[in-house]
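Dear colleague,

I am passing on to you the structure that I have been looking through, and below it I set out what was found. Please read the notes with the structure open beside them.

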Amino acid sequence: MNEQEEHVKQFLTSSTYHQLSANQQKHAQDILVRFNQQMKNEQHLADTAWTPQAVKEVMVGDFIADPALTNQFGIAVAPVLKAYQKFLGVDQLKEIVQAIDDQRANMNACRKAHKTWAQLHGTDNAEQSSAAAKPASKPAQPAPTVKIQPTAPAKPAWSEEKLAQLIKQVKRDMPAVPEFQHQALSLDEQQYVAAEFLNLMHQEFNEYPGEWVFADLQRVLGMMMPLDPAITPKQIKNIVPTAQALFDYLKRNGVITMDQYKVGMKAIANMQNSQEMLASLSRKERETQLMLSFINSNGINTDDVQAAEAWMDDHRDEVAAFMRTLLNPWRDYEHQQLVKRQEESRRRTQLASANGGKVTHHRAPRGIKFSKKARKKRRRK
């Protein structure tokens, strides 16, 4: 077994793989074996050395031109490739993810036509063979430059400006549309949750409506948003109902397709119980609980403290990377908290210096409970 085959084997048993949808899991091995082979044949690159340009070229090459490939295979390609590169922790992850997103529409056009991009927009193999069979009466002329055009009209590309316009429209429509009526949250609270979700999907994973990936939906809705320092326990409890209302609204207005709607609904299907539990905890306790959930997702029994600590010792980088991802949206808040702790430490040091170098420890206030014996003594006094 070579190194790439070993990487694929490890990926297929990882928590990253299990965060994919059922369809993506079904096709993951076939996608990765085919893509790694074509990357090796065409670009001579290992799976840890992909470049954005190489990824774009392989996505629209022989990898996707096989007539046997189904629509479900095509839908799974982009999220599987992105998850695989995240799992490998490659250096150019952000650029590669962007390249995959940029090339997705062209790849789907090639799959539907059962042709490579070059065959769609240049000289195909049959024409090349026919031309080669004719005797050359004069030196071959360079082929004319072919201007690549989309094979079918596409919807306008998403942009930050277009996303901002959508968020404004959602907020404006909320008071009147049926999806957001009879909710436990107030109008302002619903607007906050919906806008934060849409912004985080783009900000953290570069995904617009219609491009959402199952694992990233779960990470934003189930993990990142409950760690928002400004969110209330009531809003955490209602992330799922608000997300469902938003999905319904976007589907009804044609912003997302039925396939994307199904991915969204599947992502929140079993999330409510964990949100109720997180809402009952402090923010620091939520961080701990999410870390324990991550350890548990790797097959470790977190009730066994020694086993959990041993696993963490062996996977410190992986745990740290996971927590950095969850806390990344709130890095300004985390920095402020760090500054406060540093200032408190300096204040204590200065106080100790003023007291001749003696550190004073102030015991935290506690409730007082007198025993019966103590109460009798107090009465005698």
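In what follows, a residue is called buried when its relative accessible area is under 20%, exposed when that area is over 50%, and partly exposed in between. Please also keep in mind that this is a predicted model.

With that cut-off in hand, Gln191, which lies in helix α10, counts as buried, because its relative accessibility is 15% and the limit for that class is under 20%. Once its neighbours within four places in sequence are left aside, Gln191 is in contact with Lys171 and Met174.

As for the chain as a whole, the protein has 20 helices and zero strands, and buried residues make up 38% of its 381 residues. Among the contacts with a separation of 6 or more, 69% are between residues 24 or more positions apart. The chain exposes about 22,800 Å², of which carbon and sulfur atoms supply 51%.

Turning to the interior, the largest nonpolar core has 56 residues, and the members that touch the most others are Phe197, Trp212, Leu221 and Phe247. A second, separate core has 34 residues, including Ala28, Ile96, Cys110 and Trp117. To return to Trp212, its contacts beyond four places in sequence include two of the residues just named for the largest core, Phe197 and Phe247, and among the others are Leu198, Met201, Glu207, Leu217 and Gln260.

Leu217 also belongs to helix α11, where it is one of the buried residues, as are Leu221 and the polar or charged Asp216 and Arg219. This helix, which runs over residues 214-224, is mostly covered, with ten of its eleven residues buried.

Finally, there are two residues whose backbone you may wish to look at. His182 has a positive phi of about 60 degrees although it is not a glycine, and its place is in the loop between α9 (160-173) and α10 (187-205). Asn206, likewise a residue other than glycine, has a positive phi near 55 degrees, and its place is in the loop between α10 and α11. Are these two residues buried, partly exposed or exposed? His182 is exposed, because its relative accessible area is 85%, whereas Asn206 counts as partly exposed, because its relative accessibility is 22%.

With kind regards

How values were computed
Residues are numbered from 1 along each chain as its sequence is written. This is a predicted model: local features need pLDDT of at least 70, side-chain atom pairs count only at pLDDT 80 or more; totals for chains, interfaces and linings use all residues. Side-chain values use heavy atoms; hydrogens and water are left out. Buried means under 20% relative accessible area, exposed over 50%, partly exposed in between (1.4 Å probe, protein chains only). Helices (H or I, at least four residues) and strands (E, at least two) are DSSP runs, numbered from the N terminus. Contact means heavy atoms within 4.5 Å. Accessible areas come from the Shrake-Rupley method with a 1.4 Å probe; for residues, only the protein chains shown count as cover. A nonpolar core is a set of buried Ala, Val, Leu, Ile, Met, Phe, Trp, Tyr and Cys residues joined through side-chain atoms within 4.5 Å.
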